[in-house]
Amino acid sequence: MGKAAVKNSPPKAFHNLRFERKFIYLGITPEDVIQKYVLTNPFCFKEIYTRRSVNNIYFDDLNCSFYKMNVSGDGLREKYRLRWYGDQFEKVTKPIVEVKRKFGLTGDKFSYKVNDLSLELTQDSPREATRKLREHLKNQQLSAKFDLLSPQLYNCYQRRYFLSDCENYRITIDYDMRFYNPQTASFLQSQVQLPDVVLELKYAVELDKESRDLTQGLKVRMSKNSKYVRGCDLVYHLHE
């Protein structure tokens with residue numbers, strides 16, 4: 001089982017537009033979702049990577065512009081995060097800066113590896129983490145952007161990966177989702193956990209019509225699901 005390629009070119013052109021359709025399952029285990037709806041799908045999915053722990057720091061500006069753009073459903077919006085893998089959430093090693101942009105219903109992603117950066121989230125404050133990230137970014141455009149941003153949410157979850165037999169469709173299953181408020185003195189005490197299982201279906205724009213046959217077998221309606229928005233709502237007690 002391999003790993004997905006990471007692009008290290010400047011974040012200028014977002015041209016590989018794709019759909020990312022999300023489906024939320026409640027009251028069911030991840031294994032049951034996989035057995036009942038993924039492996040039995042007529043598009044013949046198979047698991048392609050080993051399970052991984054996915055960890056994220058989501059960044060935003062002082063006005064929480066990225067959060068507000070998502071909530072209001074802006075047709076053009078973006079999101080900045082630092083992602084790394086591993087079961088030790090507090091230790092950031094070999095992270096990747098990811099910039100996601102949405103253009104209506106489609107989107108694209110740019111990734112930039114920062115292999116020489118390491119952080120200890122229990123010791124490095126959000127401000128210190130941002131400073132160290134900027135110091136390690138060789139890309140001036142990204143470095144200048146992060147000068148205006150700060151960590152607003154910590155997040156981790158388990159992920160499993162599946163690919164259709166035709167190799168046109170990719171499914172990820174996310175579960176055991178945990179969210180933390182980085183602004184608290186001891187962020188680990190701010191943990192909020194979600195029991196949902198999130199299935200995300202990714203495919204190229206030109207395959208949208210064919211995808212309807214696939215989604216019929218998932219048995220739940222497509223849902224808008226942003227981990228960043230949901231996490232912020234939970235840890236900052238919004239909309240209560």
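Me: Cys-44 first. Which class does its accessibility put it in?
Reply: This is a predicted model. Cys-44 has 44% relative accessibility, so it counts as partly exposed.

Me: How many disulfides does the structure hold?
Reply: Zero.

Me: Why no bond from Cys-44 to the closest cysteine sulfur?
Reply: Distance. That sulfur is in Cys-166, and it sits 9.1 Å from the sulfur of Cys-44, too far for a bond. The cut-off for a disulfide is 2.5 Å between the sulfurs.

Me: And Cys-156, what is its nearest cysteine sulfur?
Reply: That of Cys-232, 15 Å away. Cys-156 is in no disulfide.

Me: Is Cys-156 buried or exposed?
Reply: Buried. Its relative accessibility is 10%.

Me: New topic, the nonpolar core. How many residues are in the largest one?
Reply: The largest has 45 residues. Leu-82, Val-97, Leu-133, Leu-142 and Phe-146 have the most contacts inside it.

Me: Which element gives the largest share?
Reply: Strand β9, residues 150-163, with six residues.

Me: What other core is there?
Reply: One of 22 residues lies apart from the largest. Among its members are Tyr-37, Phe-43, Phe-162 and Leu-201.

Me: Over to Thr-130. Where does it lie?
Reply: In helix α3, residues 126-136. Thr-130 is at 8% relative accessibility, so it counts as buried.

Me: What does Thr-130 touch?
Reply: Leaving out residues up to four places away in sequence, its contacts are Phe-59, Phe-146, Leu-149, Ser-150 and Pro-151. Phe-146 also appears among the residues with the most contacts inside the largest core.

Me: Now helix α5. Which residues are buried?
Reply: Asp-208, Ser-211 and Leu-214, in a helix that covers 208-215. Down the axis of α5 they fall within an arc of 80°, so they line one face.

Me: Why would that spacing put residues on one side?
Reply: An α-helix has 3.6 residues a turn, so residues three or four places apart point the same way.

Me: What does the buried side of α5 pack against?
Reply: Its buried residues pack against β1 (18-25) and β12 (197-204). On the other side of α5, Lys-209 and Arg-212 are exposed.

Me: Last one, β6 and β7. In what sense do they pair?
Reply: Antiparallel, over eight bridges. Val-99 has Phe-110 of β7 as its bridge partner.

Me: What about the turn?
Reply: The two strands form a hairpin with two residues between them. Gly-104 in that turn has a positive phi of about 70°.

Me: How many β7 residues are buried?
Reply: Six of its eight, so the strand, residues 106-113, is mostly covered.

Terms used
Residues are numbered from 1 along each chain as its sequence is written. This is a predicted model: local features need pLDDT of at least 70, side-chain atom pairs count only at pLDDT 80 or more; totals for chains, interfaces and linings use all residues. Side-chain values use heavy atoms; hydrogens and water are left out. A nonpolar core is a set of buried Ala, Val, Leu, Ile, Met, Phe, Trp, Tyr and Cys residues joined through side-chain atoms within 4.5 Å. Buried means under 20% relative accessible area, exposed over 50%, partly exposed in between (1.4 Å probe, protein chains only). Helices (H or I, at least four residues) and strands (E, at least two) are DSSP runs, numbered from the N terminus. The arc is that of the directions from the helix axis to the C-beta atoms. Contact means heavy atoms within 4.5 Å. Two strands pair if DSSP finds at least two bridges between them.
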